[in-house]
Amino acid sequence: MLKIDLSDLLSKTPAMKQMVEQKVVEVAYKVTLEVHANVVAGSPVDTGAFRGALPVETPPQPFENGKVENTTPYGPQLVDGHSGQAPKGWIDNAVLAATRL
């Protein structure tokens, strides 16, 4: 009969949890910045105001969301495909491209 002693593994649980949480924050940070870069690259350009109004917030804690938000009053119309330069769904495509494995 084989007996496995898990006491060593259990004693390392806090350190493993911290490593996993750090990796989650790191991946979320990278994905958020990639989404931001994709949105900026795919955004329509007239005066540049829309592109210039895309602040990004990376998640500070594990399992929190990052945020890319446009602050212009006409942002929702552009997201909905109002511009021929960026058809409807371009934001979704930017997110998908950043989250594909």
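Trainee: Which residues make the nonpolar surface patch of about 640 Å²?
Mentor: The model is a predicted one. One member of the patch, Leu 9, has its place in helix H1, residues 7–11. The full membership of the patch is Leu 2, Ile 4, Leu 6, Leu 9, Leu 10 and Met 16.

Trainee: Is Leu 9 buried or partly exposed?
Mentor: Buried would require a relative accessible area under 20%, and exposed one over 50%. The value for Leu 9 is 44%, so Leu 9 is partly exposed.

Trainee: Which helix gives the most to the largest nonpolar core?
Mentor: That core has nine residues in all: Val 35, Val 39, Phe 50, Leu 54, Leu 78, Ala 86, Trp 90, Ala 94 and Ala 98. Helices H2 and H5 (90–99) each supply at least two of its residues. The helix that gives the most, with three residues, is H5.

Trainee: Where does Ser 43 lie, and is Ser 43 buried or exposed?
Mentor: Ser 43 belongs to the loop between helix H2 (13–42) and helix H3 (49–52). Its relative accessible area is 4%, and buried means under 20%. Ser 43 is therefore buried.

Trainee: With which side chain does the side chain of Ser 43 make a polar contact?
Mentor: Leaving aside residues up to four places away in sequence, Ser 43 touches Phe 50, Arg 51 and Trp 90. The Ser 43 side chain also reaches the backbone oxygen of Val 40 at 2.8 Å. The polar contact between side chains, at 2.8 Å, is with Arg 51.

Conventions: Residues are numbered from 1 along each chain as its sequence is written. This is a predicted model: local features need pLDDT of at least 70, side-chain atom pairs count only at pLDDT 80 or more; totals for chains, interfaces and linings use all residues. Side-chain values use heavy atoms; hydrogens and water are left out. Helices (H or I, at least four residues) and strands (E, at least two) are DSSP runs, numbered from the N terminus. Buried means under 20% relative accessible area, exposed over 50%, partly exposed in between (1.4 Å probe, protein chains only). Contact means heavy atoms within 4.5 Å. A polar contact is a pair of N or O atoms within 3.5 Å; within protein, one must be able to donate a hydrogen and the other to accept it, and residues adjacent in sequence count only if both atoms are side-chain atoms. Patches are made of residues with over 30% relative accessible area and no salt bridge: like charges are joined within 9 Å, nonpolar side chains (Val, Leu, Ile, Met, Phe, Trp, Tyr) within 5 Å. Accessible areas come from the Shrake-Rupley method with a 1.4 Å probe; for residues, only the protein chains shown count as cover. A salt bridge is a side-chain nitrogen of Lys or Arg within 4 Å of a carboxyl oxygen of Asp or Glu. A nonpolar core is a set of buried Ala, Val, Leu, Ile, Met, Phe, Trp, Tyr and Cys residues joined through side-chain atoms within 4.5 Å.
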